[in-house]
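Open your viewer, get comfortable, and let's take a walk through this protein together. At each stop I'll suggest a selection and tell you what is there.

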Amino acid sequence: MSQADILDQDPVFQLKGSMLAITVMELAHYDLERLDRQLDEKVAQAPNFFQNTPLVMALDKLPEGEQPLDLPALLDICRRHGLRTLAIRASRDEHIKAADALDIPVLPPSGARERPIDPVEPAARKKVEKPAEPPKPEVQPTKVITTPVRGGQQVYAPGGDLVVLAAVSPGAELLADGNIHVYGPMRGRALAGIKGDTKARIFCRQLAAELVSVAGQYKVADDLRRDPLWGQQVQVSLSGDVLNITRL
């Protein structure tokens, strides 16, 4: 088989189905003057919609007895407003003949349900939509503990401050989204501002902690014991990335 024969058998096209978005203009009355005026109004509302928009002109719902159809004039009005008529939908012989004379495809009346569309510019839609408001943080009341916190016990105050009116034993852990107040010896671990609140502080009557932390910055017992305020009444605050321990 020659090269020419092979090329001759190679297909140059394929027929494929497609679900294209095509607008159908269904005429309820044949009135070119009113059509022209009403299309002007629609174009003013959404000019981008009427830019080379493919169109099927549906004539099958026109009532009997109206004036004879001037199809070229009808299509010209549509063309001037940016609508490009691809086919005619018709059932009457005179409409089909008019379309054949212009070499325009004719579609049979449709039994499908079609929904009306109202062209609106995207910018207009955006003006109507209101952005959702971000949820407001929920502030919880201060959590107050009146009994000693034992070793292995963990106490957490979500969304607020933690106040302990008793001693905190070694191995115990205090956590708070806000401040921590300990009105007794603080021998366990205290972590304030655990969700990143850099303004949180730790207050205690006697600093003897295994660890103190504010917003993720911490000091352990070995560092704390070297501080001259070890065993005294102090507050712990954060300045930049540095924990400061000062006398109360």
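Start by selecting helix α3, residues 71-80, and show its side chains: Leu71, Leu74, Leu75, Ile77 and Cys78 are buried. Now look down the helix axis. These residues lie on the same side of α3, because they span an arc of only 155° around the axis. Keep in mind as you go that this is a predicted model.

What do the buried residues of α3 pack against? Add β1 (23-26), α2 (32-45), β2 (53-58), β3 (83-89) and α4 (93-101) to your selection, and you have the partners. Before leaving, click on Gly82, which follows α3 and has a positive phi, near 90°.

Zoom out for a moment. The protein has six helices and 15 strands, and 33% of its 248 residues count as buried. Its accessible surface comes to about 16200 Å², with 52% of that belonging to carbon and sulfur atoms. Among contacts with a separation of 6 or more, 38% join residues 24 or more positions apart.

Next, go inside. In soluble globular proteins, nonpolar side chains tend to be buried together. Select Leu162, Leu174 and Ile180: they have the most contacts inside the largest nonpolar core, a set of 29 residues. Another core lies apart from that one; it has 20 residues, including Leu39, Phe50, Leu59 and Leu83.

Back in the largest core, center on Leu174. Leaving out residues up to four places away in sequence, Leu174 touches a list of residues that includes Val149, Val155, Leu162, Ile180 and Met186, as well as Arg189.

Now move to the loop between β7 (162-164) and β8 (173-176), where you will find Leu165. The loop also holds Ala166. Are these two buried or exposed, or something in between? Leu165 counts as partly exposed because its relative accessibility is 44%. Ala166 has a relative accessible area of 12%, so it is buried.

Show what surrounds Ala166: beyond its neighbours within four places in sequence, it contacts Ile145, Thr146, Thr147, Pro148, Val182, Tyr183 and Gly184. Try a distance label too: the C-alpha atoms of Ala166 and Pro185 are 7.7 Å apart, although 19 residues separate them along the chain.

For the last stop, turn on the surface and select Val144, Leu165 and Tyr183. Together they form a nonpolar patch there, with about 280 Å² of accessible area.

Conventions:
Residues numbered from 1 in each chain as written. Predicted model: local features only at pLDDT ≥ 70, side-chain atom pairs only at ≥ 80, totals over all residues. Heavy atoms only, no water. Patch = residues over 30% accessible without salt bridge, like charges linked within 9 Å, V, L, I, M, F, W, Y side chains within 5 Å. Areas by Shrake-Rupley, 256 points an atom, 1.4 Å probe, with all protein chains shown as cover. Salt bridge = Lys/Arg side-chain N within 4 Å of Asp/Glu carboxyl O. Helix = DSSP H or I, 4+ residues; strand = E, 2+ residues; numbered from the N terminus. Buried < 20%, exposed > 50% of the residue type's maximum accessible area, 1.4 Å probe, protein only. Core = buried A, V, L, I, M, F, W, Y, C linked by side-chain atoms within 4.5 Å. Contact = heavy atoms within 4.5 Å. Arc of directions from axis to C-beta.
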